[in-house]
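Visitor: I should like to learn how to read the features of a protein model. May we begin with the overall form and then turn to one detail?

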Amino acid sequence: MTQQNKAAAGRRPAKGGDGSSAKQEQLAAFTADNTPHLTTNQGLQIPDNHNSLRAGVRGPTLLEDFILREKITHFDHERIPERAVHARGSAAHGYFEVYKSMSQFTCAEFLQDPAVKTPVFVRFSTVAGSRGSADTVRDVRGFAVKFYTQQGNYDLVGNNIPVFFIQDAIKFPDLIHAVKPEPHNEMPQAASAHDTFWDFASLMPESTHMLMWAMSDRAIPRSLRMMEGFGVHTFRFINSRGESHFVKFHWKPKLGIHGLAWDEAQKIAGKDADFHRRDLWEAIESGNFPEWELGVQMVPQDKEHAFGFDLLDPTKIIPEEMVPVQRIGRMVLNRNPDNFFAETEQVAFHPGHVVPGIDFTNDPLLQGRLFSYTDTQISRLGGANFHELPINKGVCPFHNFQRDGMHRQTIARGQVAYEPHSLIDGKEFRIDGGSGGFQSFPEALEPPKVRRRSPSFDDHFTQARLFFNSQSASEKEHIIAAFRFELSKVEVPAVRQRMVDNLAHVDEKLARRVAEPLGINAPDAKAAAGRAGFREHRFTMPIDESRALSMLDTGDGSIKTRKVAILVADGVDSASLKPIREAIEQAGAQCKVVGPRLGTIASASKRQLDVDATFINMPSVMFDAVLVPAGAQGVEAMSRNGDAVHFVLEAYKHCKAICAVGEGVQMLATLGIGPDAKSAPPGVIVAATPVTNLGDDSAATKIANDFIAAIAKHRHWDRPNVEGVPA
Ligand code: HDD
């Protein structure tokens, strides 16, 4: 590891969470002599930060008050334009390390030495919503990684979905205008369920594959820590001999890929709009550092046309069964930003920030992006010097003759600001066609110049079908339900019809099921086939299903950082909770005692139990699982409390793991969600007799282990009749 890398990787150690050093730093920043005082931006000590300068104690404020004016002026300019897309984001610092040298494929220095930790800054985002919108809306998530390498910054600006809605960047403004709130009334915020989006999507059959992903639970992630990331486009690796491999990038989350229930996602949007942001922040503060492995699919240059579909088409994946994903390194996020604005808001990503050894392809979506991102940063960050902001600054030396501009920070010295030159030390200096540094792959181009799409981009349905076929039964149901919900919000019937006509080309049954409750005709595949943008070209895939496209059974099977609510009320049997709580905490889950009020409640044995949260301020949608205790009096109190009853029913409806002991089992039975004579519903663990001791009591150990296994499954989507649950 080089000295510079070490310094950068350890710029600040992950902090334990009390933030006290940050507080001291903050104080020291404005008190040179350790007496607390404030200064103006010029360093002048401010005598009074509560009163403006007036003509008499009850008189008018004087224009002369430069201290007031400086403060208010600065405040007036606090906001910068939010990102046109991906405005709402959350970010973290961390590092990346490669497992073994990738020199056979790429000369990128950060992919050579397993001993090197390359610092990274990662920003996750939603796409459509404004900066203040809710985290859990149905949307694509941005997954942008900035690697601070010794060869310059490398940005992998991807999403949590491996394909895109459109094939050519010229359609991006149209796509975004269609999905953003409608221009006449600025509604709806952060939602795709409205007419303009589906009007556009239904007229652009190339969006069909991406729509399938966007209607899946991938678009309502349980946590930013539990989603995959993808570079989307096909890029190139170039090795030191100048040889090219096509490459697709993947981020594989250690915790697996998990989604929320749609009803839950909508409720969380109101109950805690910062749900994902908070989850990421708290995980890092508590030392549960999120981790992903970097995977690559590599295709030799001469196999470019071996697939039937076009590698340059961003609406296509390379199924993992056709080209396996090789896991080449891992990324750990271990430090929260110090300042949201300075880091998360001002970070400037750009797919064109590459390093030697990584190059572009002619994907027409990528080519357009290469222009857009610099342009947007200039407007958003107020000029051409955004690279000088601390969060955007490279960790390697940089030097050129670009000068001046708004907010310039570098003080460039000397007479010479041009090249070639000879005035620095009398020697002639010229940079001209050297062999070092970044080299573009010398790809032969095919004339003529045309404004036309390659016919190899024409099949819009085969991979959409592959995606649908690869889903489990419950995932398929969620996709159908999502299409139904979204299209039910579309007021123009013709748009709904057009969309299901398109879907008939993916799967007849899917289209029929989606159409059923929408008050339109049965899907008509032929009607879709005649429309503009629709082409009949079909390629065959050698596989009908790809296991990697399903979210089922992913992750390391642990319950680390899973949130469990322990429900209490006066009179619960606290001894019945203890062994199970101990076991699940030991396994890494985080428990909160949730009761009717804050403070304490008295258990059946008159012990005082601290309550962390109430049924109302932390409702069931904030948790992954629920533990219902024993204790006749306590359970009766909960059964009479509508919020407690709702808590349990809602957790059941959202298919979460529920464990009940003693009288708690009776509560489930009364609510109609308990076990019958033969078995308990999936994910419901019951012990009719309270268990009090883990170590030597095998019954307690079994209950705890069953509960842990049920939480580890994430959700029990196969739970029957959840639609009938009133929550
Ligand atoms: Fe983009 C931001 C990802 C297509 C134009 N994009 C942005 C961000 C991500 C992506 C993750 C947020 C970065 C951050 O956190 O600051 N964008 C993608 C992916 C695409 C894609 C995966 C397709 C494969 N984007 C795309 C196209 C264009 C843009 C085709 C324009 C031609 N994207 C932008 C932008 C943004 C942006 C307007 C807004 C803020 C920013 O760049 O910095 O330039």
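Guide: We shall go from the whole chain to one pair of strands. Please note that this is a predicted model.

Visitor: How many helices and strands does the protein have?

Guide: The secondary structure consists of 20 helices and 18 strands. The radius of gyration is 29 Å, close to the 27 Å that the globule rule gives for 727 residues, so the protein is as compact as a globular protein of that length. Its C-alpha trace spans about 95 × 80 × 60 Å along the principal axes.

Visitor: What share of the residues is buried?

Guide: A residue counts as buried when its relative accessible area is under 20%. Here, buried residues are 51% of the 727. Of the contacts with a separation of 6 or more, 74% join residues 24 or more positions apart.

Visitor: Which strand does β14 pair with, and in what sense?

Guide: Strand β14 pairs with strand β13 (residues 599–602) in the antiparallel sense, over four bridges. Ala602 stands opposite Gln608 in β14. Five residues lie between the two strands of this hairpin, and Lys606 has a positive phi near 70°.

Visitor: Which side chains of β14 point to the buried face?

Guide: One reads a strand by following its side chains in turn. Along β14 (residues 608–611) they alternate: Leu609 and Val611 point to one face and are buried. Gln608 and Asp610 point to the other face and are not buried. Gln608 is thus found again, as the residue opposite Ala602.

Definitions and conventions. Residues are numbered from 1 along each chain as its sequence is written. Side-chain values use heavy atoms; hydrogens and water are left out. The radius of gyration is taken over C-alpha atoms; the globule rule is 2.2 Å times the number of residues to the power 0.38. Buried means under 20% relative accessible area, exposed over 50%, partly exposed in between (1.4 Å probe, protein chains only). Contact means heavy atoms within 4.5 Å. Two strands pair if DSSP finds at least two bridges between them.
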